[in-house]
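These are my notebook entries on a structure that I had not examined before. I set down what I looked up, in the order in which I looked it up.

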Amino acid sequence: MSIEIKRAELVKKTDLSDTVKEYVFKMIEPTQLDFLPGQYVSISIGDGLRRPYSVSSWNQKNDTFELIIDITPNGKAINYLLNLELGSLIEFIGGIGRFTLPQNLSKRLFFISTGTGLAPLKSMIQFLTQSNFITSNNKKENKLELHFGTRYKSDIIYYDFFIDLLHKGFISNYQVYLSRQKDENFNQGYVGEFAKKLTSIDFNTGQFFICGGGDMVKSVESILINKGVSPDSIFYERYY
Amino acid sequence: MKNDIQKVKVTNKNSNIAEIEVDRDLCIGAGTCEVLAPNTFKLDKEGKVYIDDVNSHSDQEIIDAAKSCPVFAIKIYDKNGKQLCP
């Protein structure tokens, strides 16, 4: 059985917060990454090991792609990635994964994440904005909401990016929830609070995309089920 | 509560692998194992791994698939009972 090993070059590293970095890779072989928004790549990190990282970007050509790396866990994958210098090549397989947008997309989409769980949702949202999911003609019917939870204000990532999408009308609501810090500009509490402001139409017709730690995913899924959301309308990926 | 664990013996005489074990509670449904050894590791409707046909992939393919698991939910034992991975 042969699996296509792909290669890409690290071309940019950016600090998104004290503990999270964005890596941008340029595709070398093949020159375009074939994947669906929400999928991940499985990177070879040596000793026959590989680790999955969700692609956090989407562009028409996909000749480059981005990953969001949380450097907090001290493991082989993080050490491997931290030691990569600009110009280094990585080997990987992918895109892989079932956490993708369904064919029968609802008009009301809710994206819920914590931490680096934002990565696949960002790719999906970029795809949807580039596909004109919300336009000036349909913005009354179509909803695209992002609810992002984290502990402290300093952990927020891509804030300006999503505020810009909000101001341009590509997304209809963007809320940040801080679980361990009070700040008048953000909601206080866990990301599951988002459900309090939804309407029965949202619960009945919406689709919900959740990504982050297992406990958060379970908790949000349970809130939605209790609100009457069909399990078929809940899509999730657990990071641990 | 006991974990949801599936163990399957490998009967192929040419294989050095004796047993494959998956911990379905640990599994987060990443699915790289299913890509690397699709006949042996499959994801069910809930996105949890289960073991199917253990005789249609090489030992190396099965070991590579086990080593790709980010949460170490797959264990491989050889015929001497030694754990080959993780």
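**Entry 1: a pair in chain A.** I looked up A:Lys143 and found that it forms a salt bridge with A:Asp202, the closest N and O atoms being 3.0 Å apart. I take a salt bridge to be a side-chain nitrogen of Lys or Arg within 4 Å of a carboxyl oxygen of Asp or Glu. A:Lys143 lies in strand β8 (residues 143-150) of chain A and A:Asp202 in helix α4 (residues 200-205) of chain A, so the salt bridge ties together parts 59 residues apart in sequence. Helices (H or I, at least four residues) and strands (E, at least two) are DSSP runs, numbered from the N terminus. A:Asp202 has a relative accessibility of 1% and counts as buried. The scale that I use calls a residue buried under 20% relative accessible area, exposed over 50% and partly exposed in between (1.4 Å probe, protein chains only). Salt bridges that share partners join A:Arg108, A:Lys143, A:Glu145 and A:Asp202 into one network.

**Entry 2: basis of the values.** I note that the model is predicted, that local features need pLDDT of at least 70 and side-chain atom pairs pLDDT 80 or more, while totals for chains, interfaces and linings use all residues. Residues are numbered from 1 along each chain as its sequence is written, chains are lettered from A and ligands numbered from 1 in the order in which they are written, and side-chain values use heavy atoms, with hydrogens and water left out.

**Entry 3: further salt bridges.** Over all chains I find a count of 17 salt bridges. One of them joins A:Asp47 to A:Lys76, with the closest N and O atoms 3.6 Å apart. A:Asp47 is in the loop between β3 and β4 of chain A and A:Lys76 is in helix α1 (residues 76-82) of chain A, 29 residues apart. A:Asp47 is exposed, at a relative accessible area of 60%, and A:Lys76 is exposed at 52%.

In chain B, I looked up B:Arg24 and B:Asp44, whose side chains meet in a salt bridge (2.9 Å, N to O). B:Arg24 sits in the loop between β2 (17-23) and α1 (32-36) of chain B, and B:Asp44 in the loop between β3 (41-43) and β4 (49-51) of chain B, 20 residues apart. Buried or exposed: which is B:Arg24? B:Arg24 is buried, with a relative accessible area of 15%, and B:Asp44 counts as buried at 18%.

**Entry 4: where the chains meet.** I find 17 residues of chain A in contact (heavy atoms within 4.5 Å) with 21 residues of chain B. How many salt bridges are there between chain A and chain B? The count is 1: A:Arg98 pairs with B:Glu34, the closest N and O atoms being 3.3 Å apart. On the side of chain A that touches chain B, the elements that give two or more residues are β3 (40-46), β4 (49-54), β6 (89-96) and β12 (234-238) of chain A. β4(A) gives the most, with 4 residues.

**Entry 5: a sheet in chain A.** I traced 6 strands of chain A that form an open sheet in the order β10-β9-β8-β7-β11-β12, with parallel pairing. β10 (187-188) and β12 of chain A stand at the edges with a single partner strand each, so one side of each has no neighbour in the sheet. Two strands pair if DSSP finds at least two bridges between them. Strand β7 (residues 108-114) and strand β11 (residues 207-212) of chain A run parallel and are joined by 5 bridges. A:Phe110 has A:Phe208 in β11(A) as its bridge partner.
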